[in-house]
Amino acid sequence: MIGIVKLKYSFDIAEKLVLLKLNKNSIKKVRSHFPIFEAHPNLVYLDNAATTQRAQSVVTAQSHFDLYENANIHRGIYDLSNQATQKFENDRTEIARFLGSGNANTVAFTQGTTASINIVAQSFLAPRLQAGDNIVTTIMEHHANFIPWQMLAQKYQVELRIVPIDKNGDLDLSQLSNFLDKKTKLLAVSHISNTLGTIHPLDEIIGLAKRKDIPVLVDAAQSACHFEIGVDPLNCDFLTFSGHKMFGPFGIGILQVSEKYLADMMPYNYGGGIIKDVKVEKTSFRNFPHNLDAGTPNVSGVIGLAAALEFISGIGKPDMQSHLNKLTLYALDQLPKVPGIEIIGNPKRRIGIISFNLKNIHPHDIASFLNKDGIALRAGMHCTQPLLNAMGLQATARVSFSIYNNEEEINKLVASLKELMRFWS
Ligand SMILES: Cc1ncc(COP(=O)(O)O)c(C=O)c1O
């Protein structure tokens, strides 16, 4: 047996306890887990909905595997490969636990949210569709949770039913019950809007679908970091998210499937690793999740993702949520002090994400001007063109917060926006 090399860096218990109270000092401590802020001390990073910064423990866990434990999984008879396989599968179990499930076989690794949604479209939904069926989604969705359904609808002569929004930026659910009928093959909805920050009332939405036995997909890309999620806690059937939006690596994400539909998940990519038996005449396949893993999976990505979830659990989602709430409320209080600002939407429940425009200034010009003050924010359509069109907008500027952000950064944002308005007028 080869020995296990101990991690040089660990997110130890004492550190976790300090982090449990997210006050001014602990935010400093949280920041110290993100080396990017050492490299760029003046960076005001407000683009967390696009990607969060990478935690040190994530990179350390990944590079430790890559440097000291690297071997291909599921194939070798030798120790190093067996240990890599064990680590990979243990992480699957840990991730299932993070999703409130004791069944690791509900969890598949993918490249991210976009990949997971496309897999559901091709592996689950396409084989069940017949002309005259319908798929229900919302106008609020990221393109990743819109275009795959639109493409299927066009290919199979299926109707795409789109839940609209009201003037405040909440989903208008008045027609949802009528949208969901015997021909509805899937309801696909996000948990939190990546453009407006609206928290969708999933209880109500999923409840309506479940009463009619309609499978539900939840895009949790913007909520996985700080909300309790999982197919069991949310009572949905497909759940997707990306590692890079929760302090983890790029190129890794999750597709969780409810036990009810595990047997309906068909392979969509063919090759090694997913088979039971291959004959010249016919191939038989393993069950989900192993029937999705054709080829070598992103092993160190999975290890990095598990480290990211451990980091999040160390802080605690309720504390993360309340910190984000505090920052959102503070920003909503301060931003209206900027002359000519329009905050986009006023939803009943929102968190972490605020879109806005400044009178007569294109959002790209806002982002360029703020960049000179070290403020990183996003400008454009945020991959939600149908939503922006529905609101009569071309683009917005968007700020999005995470646990390492603080009120001083919001003050800098507001000061910089005021200066821009002075400069422009
Ligand atoms: C709500 C939502 N869904 C899906 C995606 C796509 O995620 P990824 O690019 O990691 O596949 C994003 C990314 O911004 C998102 O915010």
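**A hairpin, a ligand site and two unusual backbone points**

E9 and E10 form a hairpin, with four residues between the two strands. The model described here is predicted. Strand E9 covers residues 275-278, and strand E10 covers residues 283-285. The pairing is antiparallel and runs over three bridges. Within this pairing, Asp277 stands opposite Ser284 of E10. In a regular strand, side chains alternate between the two faces of the sheet.

The backbone after E10 holds a cis peptide bond, which links Phe288 to Pro289. Its omega is near 5°. Pro289 sits in the loop between E10 and helix H11, which spans 299-315. A second backbone feature appears at Asp213. This residue is not a glycine, yet its phi is positive, at about 60°. Asp213 belongs to the loop between helix H9 (202-211) and strand E6 (216-219). Most residues other than glycine have a negative phi, and most peptide bonds are trans. Both features are therefore exceptions to what most residues and bonds show.

The ligand is surrounded by residues from several parts of the sequence, including Ala49, Thr113, Thr114, Asn194, Asp219 and Ser242. His142, His244 and Lys245 also belong to this shell. By class, the shell divides into three nonpolar, seven polar and two charged residues. Three side chains place an N or O atom by a ligand oxygen. For Lys245, the distance is 2.6 Å. For His244, the distance is 2.7 Å. For His142, the distance is 3.5 Å. Taken alone, the ligand exposes 400 Å², and the protein buries 85% of that.

Confidence was examined along the chain. The protein chain averages a pLDDT of 93, and 94% of the residues score at least 70. Two stretches fall under 50. Residues 1-14 stay under 50 throughout. The model gives this stretch 25 contacts beyond four places in sequence. Residues 16-20 also have a pLDDT below 50. Beyond near neighbours in sequence, residues 16-20 have 14 contacts in the model. Where pLDDT is low, the predicted coordinates should not be read in detail.

Note on methods
Residues numbered from 1 in each chain as written. Predicted model: local features only at pLDDT ≥ 70, side-chain atom pairs only at ≥ 80, totals over all residues. Heavy atoms only, no water. Near = heavy atom within 4 Å. Polar contact = N/O pair within 3.5 Å; in protein donor to acceptor, adjacent residues only side chain to side chain. Areas by Shrake-Rupley, 256 points an atom, 1.4 Å probe, with all protein chains shown as cover. Nonpolar A, V, L, I, M, F, W, Y, C, P; charged D, E, K, R; others polar. pLDDT = per-residue confidence, 0-100. Contact = heavy atoms within 4.5 Å. Pairing = 2+ DSSP bridges.
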